[in-house]
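Please look over the structure shown here; the questions that follow ask how each label is earned.

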Amino acid sequence: YNGPAGLRQKAEHAHNAALLLAEGVRMAGHRVEGGEGRAFFDTLKVYPSSPDAVADIRTRAELKEINLRYYDDGQAVGVALDDTVGPQDISDILQIFGCRHS
């Protein structure tokens with residue numbers, strides 16, 4: 001049992017990681033659902049900068065053995081984070097999305 005403080009800490013960790021990731025994928029030219037606001041908690045829906053980018057993202061994710069969600073419309077990619085995500089995970093995901101500086 002983590003208690004209220006422990007649960008809050010885990011939630012804040014996941015949310016902060018999502019904020020960092022969102023900023024990185026925006027800098028790589030992609031659009032995050034919800035715009036600049038904080039309309040997400042720990043899960044991002046990313047619209048890649050070009051229609052072909054989804055296939056490239058999927059290929060890089062598979063090479064790194066990272067599971068992402070690919071929406072049926074073929075235009076968006078979902079990323080869900082939790083309290084176990086670390087700096088290397090964020091760096092890997094940013095690389096998957098084509099961010100050159102992670």
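A charge sits over a ring if NZ of Lys or CZ of Arg is within 6 Å of the ring centre and within 35 degrees of the ring normal. This is a predicted model, in which local features need pLDDT of at least 70 and side-chain atom pairs count only at pLDDT 80 or more, while totals for chains, interfaces and linings use all residues. Side-chain values use heavy atoms, with hydrogens and water left out, and residues are numbered from 1 along each chain as its sequence is written.

Q: Why is Arg31 said to sit over the ring of Tyr47?
A: The charged end of Arg31 is 4.2 Å from the ring centre of Tyr47, and the limit is within 6 Å, so the distance meets the definition.

Q: What makes the contact between Asp83 and Lys10 a salt bridge?
A: The term requires a side-chain nitrogen of Lys or Arg within 4 Å of a carboxyl oxygen of Asp or Glu, and the side chains of Asp83 and Lys10 meet at 3.0 Å, N to O. Asp83 lies in the loop between β4 (77-80) and α3 (87-96) and Lys10 in helix α1, so this pair ties together parts that are 73 residues apart in sequence.

Q: Why is Asp92 called buried or exposed?
A: Buried means under 20% relative accessible area, exposed over 50%, and partly exposed in between (1.4 Å probe, protein chains only); Asp92 has 16% relative accessibility and therefore counts as buried. Its salt-bridge partner Lys64, at 3.5 Å, N to O, has 36% and counts as partly exposed.

Technical notes. Helices (H or I, at least four residues) and strands (E, at least two) are DSSP runs, numbered from the N terminus.
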